[in-house]
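The following exchange introduces a protein structure to a reader who has not seen it before. Each reply works towards the value or name requested.

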Amino acid sequence: NLVTAFETQTKQNTNQFFTNRNYNYTTQSIFPELFYINKKGFRLGLFFKYLEAANQKDLGGELVFIQEVGAEFRYFVVNKGNIDAKVTSHNINYKGNANSPLAFDLLNGLSNGQNVTWNVTFGGKAAGNIQINISYEGRKTQVYKTVHIGRAEARYIF
């Protein structure tokens, strides 16, 4: 399958006490994805995303251009569970103050230059009505050390 999405979005933050945190930007993006699915619950996909955003000139005029390339994998077994994995390379060209609330919002916590993110998730039934989800995420930027995040969740469904 080939799926392509186009998106235009406007986002703003207005604070009368901290005017240096105000922004009003517009993003435009295209997101084509090519993926294969078989009848056994297996999915393999490749994707590309291009995004550009511009803040209003009177609020700073910051610009960002982001290119993302990645691959994802999913294996699902009915009444058993699923495994999901995804790795993405982000190439970010940001023109503006990298330590501002706007930069954090636009860059999703990543930094200027080359970044890599990855995640692996396992979810399934343990016994009876108990459901378990375990996930691991990571990210590596040119500026900061590698960040690792692990989560575990157990639910009883009644």
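**Strand, sheet and pockets**

Me: In which strand is the place of E72?
Reply: The model discussed here is a predicted one. Within this model, E72 has its place in a strand, namely β4.

Me: With which side chain does the side chain of E72 make a polar contact, and at what distance?
Reply: Leaving aside neighbours within four places in sequence, E72 is in contact with E33, R43, L44, G45, F47, A85 and K86. Among these, R43 offers its side chain for a polar contact with the side chain of E72. The partner is therefore R43, since a polar contact requires N or O atoms within 3.5 Å, and the distance here is 3.4 Å.

Me: What is the order of the strands in the open sheet?
Reply: Strands of a sheet pair through backbone hydrogen bonds, either parallel or antiparallel. In this open sheet of eight strands the pairing is antiparallel. The order is β1-β2-β3-β4-β5-β6-β7-β8.

Me: Why is one side of β1 and of β8 left without a neighbour in the sheet?
Reply: The strands β1 (2-13) and β8 (147-156) stand at the edges. One side of each is left without a neighbour in the sheet because each has a single partner strand.

Me: What does the twist average from one strand to the next?
Reply: The sheet is an open one of eight strands with antiparallel pairing. From one strand to the next, its twist averages 15°.

Me: How many bridges join β1 to β2, and which residue in β2 is the bridge partner of N13?
Reply: Strand β2 covers residues 23-37 and runs antiparallel to β1, with twelve bridges joining the two. In β2, the residue that partners N13 is Y23.

Me: Which residue in the turn between β2 and β3 has a positive phi?
Reply: Strand β3 spans residues 42-55 and pairs with β2 in the antiparallel sense over eleven bridges. Within this pairing, T26 stands opposite A54 in β3. The two strands form a hairpin with four residues between them, and the turn residue with a positive phi, of about 90°, is G41.

Me: How many bridges join β4 to β5?
Reply: Strand β4 comprises residues 63-77 and runs antiparallel to β5. Along this pair, L63 has K95 as its bridge partner, and V69 stands opposite S89. The hairpin of β4 and β5 has three residues between the strands, and N79 takes a positive phi near 65° there. The number of bridges joining β4 to β5 is 15.

Me: Which residue takes a positive phi in the hairpin of β6 and β7?
Reply: Strand β6 (residues 113-127) and strand β7 (residues 130-140) pair in the antiparallel sense over eleven bridges. In this pairing, K125 stands opposite Q131. The hairpin has two residues between the strands, and the residue with a positive phi, near 60°, is G128.

Me: Through how many residues does a hairpin join β7 to β8?
Reply: Ten bridges join these two strands, which run antiparallel. The bridge partner of S135 in β8 is R151. The hairpin joins β7 to β8 through six residues.

Me: Which strand gives the most to the lining of the largest pocket?
Reply: The largest pocket holds about 610 Å³ of space. Its lining consists of 29 residues, of which E68, H90, L107, N108 and L110 lie nearest the centre. By class, this lining has eleven nonpolar, ten polar and eight charged residues. With five residues, the strand that gives the most is β5.

Me: Which residue in β6 does H90 stand opposite?
Reply: H90 is one of the residues that lie nearest the centre of the largest pocket. Strands β5 and β6 pair in the antiparallel sense over twelve bridges. Opposite H90 in β6 stands N115.

Me: How many charged residues does the lining of the second largest pocket have?
Reply: About 210 Å³ of space lies in this pocket. The residues that line it include A98, F104, L107, L110 and Y144. By class, the lining has seven nonpolar and five polar residues, and the number of charged residues is no more than none: there are no charged residues.

Key:
Residues are numbered from 1 along each chain as its sequence is written. This is a predicted model: local features need pLDDT of at least 70, side-chain atom pairs count only at pLDDT 80 or more; totals for chains, interfaces and linings use all residues. Side-chain values use heavy atoms; hydrogens and water are left out. On a 1 Å grid over the protein atoms alone, a cavity is a set of points where a 1.4 Å probe fits but cannot get out, and a pocket is an open set with protein on both sides within 12 Å along at least five of seven lines; lining residues have an atom within 4 Å of a point. Grid points are joined across faces, edges and corners, and a volume is the space filled by probe spheres set on the points. Ala, Val, Leu, Ile, Met, Phe, Trp, Tyr, Cys and Pro count as nonpolar, Asp, Glu, Lys and Arg as charged, and the others, Gly among them, as polar. Two strands pair if DSSP finds at least two bridges between them. Axes are lines fitted to C-alpha atoms, for helices over the stretch in contact, and angles run from 0 to 180 degrees between N-to-C directions. A polar contact is a pair of N or O atoms within 3.5 Å; within protein, one must be able to donate a hydrogen and the other to accept it, and residues adjacent in sequence count only if both atoms are side-chain atoms. Contact means heavy atoms within 4.5 Å.
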